[in-house]
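Thank you all for making time this morning. I would like to walk you through a structure that is probably new to most of you, so please have a look at it first, and then we will go through it piece by piece.

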Amino acid sequence: MTQLHTPNKQEKSLIIRFLPVIFFACIVVVFYFALFADPFERPSELEGRPLPEFQLPDLYTDGVSYSRDSLLGEPFLLNVWGVWCVTCRYELPYLTQLKNEQGVKIVGLYYDQEHDPEFGIYADVPKIREDVVNMLSQFGNPYHINILDLDRDLLLDLAVTGAPETYVIDADGKILLHHLGEVNERVWNEKIAPIWNQL
Amino acid sequence: MEIHHYIPELGNLALTFAFGFALALSIVPFWGVRKNNHPIMELAPNLVVGQFIMTAISFGCLVYAFATDDFSVINVAQNSTSLLPFEYKIAASWGSHEGSILLWLLMQSCWNIGFAVFSKQLPKDTRTLVLVVLGWISVGFYAYVIIASNPFERTLPYFPVDGRDLNPLLQDPGMIFHPPMLYLGYVGMSVPFSFAIAALILGRLDTSWAKWSRPWTLLGISCLTMGITLGSWWAYSELGWGGWWFWDPSENAAFMPWLVAVALFHSLIATEKRGVFVSWTLFLAIAAFSFSLLGTFLVRSGVIVSVHAFANDPERGIFILGLLAFVIGGSLTLYAMRITHVQKDRTQYAAISRETTLLMNNMLFIAATIVVLIGTLFPMLHKQAGLGAISVGQPFFDQVFSWLLIPFSFVLGVAPMMRWKQDNLNRLFKSNIYVFVVSLILGLAWVLGQFGQWNFTAIVSASLGCWITLISLRELFKTAQKLGWAKIPKAHWGMIIGHIGFAVTLAGGGMATQFTDERAVKMHIGDKVELSGYTFHLKDIEATYDSNYEGHGARIEVLKGNQPVGSILSEKRFYTVQKTVMTEAGVDVGFTRDLYVSLGTQFDDGSWGVRLYVKHYVRWLWAGGILIAIGLIIAIADKRYRRKTGKLQERAA
């Protein structure tokens, strides 16, 4: 029979006395690793969750609208962009290349900054369309379709912090990746392609 | 070349000498204590004086470099500009990381010298050892400043013609005084800490150290309270949306030492007067300074605040962490090893006694500290564990704190009138039930009368505020009846004022969080907007400027009915060097309400976006903080400390 060891009074007080030291040592270890962590790394809360439901109009054509279900069926990239976004200009040619060479389906989610009905400012949609056509003809058009989210319904649900941002979404509508910032060759090869190629 | 070109080098040299003094202080007198050699022990105060003078010269050189726009010093080039108003040039000396650590050292040497001057009546070995421990702490920080964070580094041979300006957020009167006050408070905790360490080393774990370290603890907390109050006031006037406490990691970093320090000094009372909680009080003395160091580490190492991150320079973070591990880890280990020698509680106390209420005070303060610590560190732990980034914010803290504050405030009301050793629940109930009912009625009448809303949080905080104030005042009158007004001890005055200060903050905080009227509007010049009984009339948009910014100011006249109440100037400033736009909120200060105007941007049609707030009782928050700080200072002046020291001198003689 092995006898269970029960700590006697002295041992107990030893543990209690050293408890603050042990607790502090744990904190120091955490701090040590935190010092080397990338403070700008922000893993998205949305990864692994389904794409939110929405009902939004087409950017170009009045009366045409899209919903979550109308996009599903094959995997695609959802790309948040705007004509005001400088980085998007650098990204458009690469995205267009992805579409042409690898057949990647890219859905544009247009982000307008001006629209602010509470202050009586309404977006000038014909003007936006004109700017969009100009910009895409200049830098390339990677988009399968373009969705206009004036009231930022889907943008808020997707926790968009700015433009450009890109989401990888599978055929069932699950968000696999949320990338903040430009998509370029390095980002594609290191971050997006490993996920995309498994789909 | 003339002498003034070498001022930064002189500063660096003085810093090195100060390091030398601190090093000598931490070794030589310690050896004297071990050998019981009095002449060598006598060296300690002299070394402290040397350390102080050298640090003051060094800091003076840094201020001189800022005042004379010496952009060949990296620190000046990055944190000042020739057009910066003079007072902010001086304040910019501690606006950077390097400068603020040097300020920390200046504050540390102020405390060291203060202690050396006012501790002559203590036993020689205790006094020397406390100074030695203060020296140990200083050595680490001097080494850090000299090696990893030197404020005197030059940009030579190619130096810029002008500097990059001080962060406009820091160009506010609150920011001139806030960091020195806060640091004075942080570092002040090193004195009770050193007392505790000295007591542990000497094995003299009786209660005399509690008596000696009490005034120092009071002074430290007073500075800390003022520092936090100023910080909150700065955030309110400078960040432009009327908030006054954000549960931001850098605020939590200052709040945690405050909580532990207040717990410490209440526990010190019980230890000094009744000889109880000795080992617990020792632990708190170590914890209070540990949290000060931890706070500095959190803010200054970039582990939490990503904007200040040392992603490219983890050397500094590692250095401070090593320092932290050494000081805190070392002292906690010492505590664990020596605390068994502590004398057992001298006296017994019953469940209903003042001892118990002080214990409850401590439990609630420590619970609050743990809540803040977890809330501050949890996001980091969560991320380290690979679970993703999260933030712990206002809702969590607000909820937990409101539930801690209710029992705390209730006990705070009763505690000062409780008897030591044993009290009678029946007596307490009988003498307080009327006050309690009256407080509830007053709170209800206050909130319902002024705002006409059944707001639970506001009613509870107003009632508890009345509860604490009424009992404190009754206590004061009772004492006056017994002793006469002139003979009321200063410590008693301090307690009454401090507790009422807390009540004022509590009531103000409850009202300010619950009742803020707010409107975001678009206004043309001449427009009038109504908000909770006030008419805001945009009279004019003026051009405003100073040497380093230009901007617009909205001149808003406020009317109540037809009576003019005040005229507010709210600015939008563009700082030309940093190319940053800042909102300078305009505030009409009032006893029961602030009118707060924040100017937005101009629209194409010439109108301006304006945010208007009526914030109720927001001044009370800071008034309470100031009262607490004043109460603490008055308590230090208590005759008891002087009389006791007199006795000690007799005994020594």
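**A pairing in chain A, and what surrounds it**

Let me begin with a single pair of residues: Thr166(A) has His179(A) as its bridge partner in β7(A). Before I go further, please keep in mind that this is a predicted model, and that what I describe is computed from it.

That pair belongs to a longer pairing, in which strand β6 of chain A, residues 165-169, and β7(A) run antiparallel and are joined over 5 bridges. Stepping back from these two strands, we find that they are part of an open sheet of 5 strands in chain A, whose order is β5-β4-β3-β6-β7 and whose pairing is mixed. At the edges stand β5 (145-148) and β7 (175-180) of chain A, and because each has a single partner strand, one side of each is left without a neighbour in the sheet. On average, and ignoring direction, neighbouring strands of this sheet are turned by 20° against each other. Helix α4 of chain A, residues 125-139, packs on the sheet, where it touches β3 (76-81), β4 (106-110) and β5 of chain A, and its direction makes about 115° with that of β3(A).

Now for chain A as a whole, which has 6 helices and 7 strands. Read from the N terminus on, its elements run α-β-β-α-β-α-β-α-β-α-β-β-α. Of its 199 residues, 44% are buried, and if we take the contacts in chain A with a separation of 6 or more, residues 24 or more positions apart account for 74% of them.

How is chain A divided into domains? There are domain 1, covering 8-38, and domain 2, covering 55-196, and the C-alpha centres of these two domains of chain A lie 48 Å apart. For residues 14-35 of chain A, an unreviewed UniProt entry carries the annotation "transmembrane region", and I mention it as something that comes from the record. In the model, that span is 100% helix and 0% strand, with its end C-alpha atoms 32 Å apart.

Let me turn to chain B. Its domain assignment gives domain 1 (1-171), domain 2 (206-341 + 349-417), domain 3 (424-514 + 624-653) and domain 4 (516-616). Between domain 2 and domain 3 of chain B, the C-alpha centres lie 23 Å apart, and 27 residues of domain 2 of chain B are in contact with 33 residues of domain 3 of chain B.

One helix of chain B deserves a closer look, namely α8, residues 190-202. At 1.5 Å a residue, its 13 residues should span 18 Å, and the end C-alpha atoms of α8(B) are indeed 18 Å apart, so the two values agree. Is this helix largely enclosed or not enclosed by the rest of the structure? It is largely enclosed, because 11 of the 13 residues of α8(B) are buried, among them Ser190(B), Pro192(B), Phe193(B), Phe195(B) and Leu200(B). Just after α8(B) comes Gly203(B), which takes a positive phi of about 70°.

Further along chain B we meet a series of antiparallel strands. Strand β4 (residues 549-560) and strand β5 (residues 563-575) of chain B run antiparallel and are joined by 12 bridges, and Arg555(B) finds its bridge partner in Leu569(B) of β5(B). Their hairpin has 2 residues between the strands, and in it Gly561(B) takes a positive phi near 65°. From β5(B), 5 bridges lead to strand β6 of chain B, residues 580-584, again antiparallel, with Val581(B) in β6(B) as the bridge partner of Phe574(B). The hairpin of β5(B) and β6(B) has 4 residues between the strands, and here Lys579(B) takes a positive phi near 50°.

Also in strand β6 of chain B lies Glu584(B). Is Glu584(B) buried or exposed? Its relative accessible area is 14%, so Glu584(B) is buried, the cut-off being under 20%. Leaving aside residues up to four places away in sequence, Glu584(B) touches Asp172(B), Glu238(B), Ser570(B), Glu571(B) and Arg573(B).

Finally, 4 strands of chain B form an open sheet in the order β1-β9-β8-β7, with antiparallel pairing. Its edge strands are β1 (516-523) and β7 (586-588) of chain B, each of which pairs on one side only, and the twist averages 15° from one strand to the next. Within this part of chain B, strand β8 (residues 593-602) and strand β9 (residues 608-616) pair in the antiparallel sense over 8 bridges, and Val597(B) has Leu612(B) as its bridge partner in β9(B).

Terms used. Residues numbered from 1 in each chain as written. Chains lettered and ligands numbered in written order. Predicted model: local features only at pLDDT ≥ 70, side-chain atom pairs only at ≥ 80, totals over all residues. Heavy atoms only, no water. Pairing = 2+ DSSP bridges. Axes fitted to C-alpha atoms, helices over the stretch in contact; angles between N-to-C directions. Domains from an automatic or database assignment. Expected span 1.5 Å × (residues − 1). Buried < 20%, exposed > 50% of the residue type's maximum accessible area, 1.4 Å probe, protein only. Contact = heavy atoms within 4.5 Å. UniProt positions renumbered as here; feature names shortened; annotations may be inferred.
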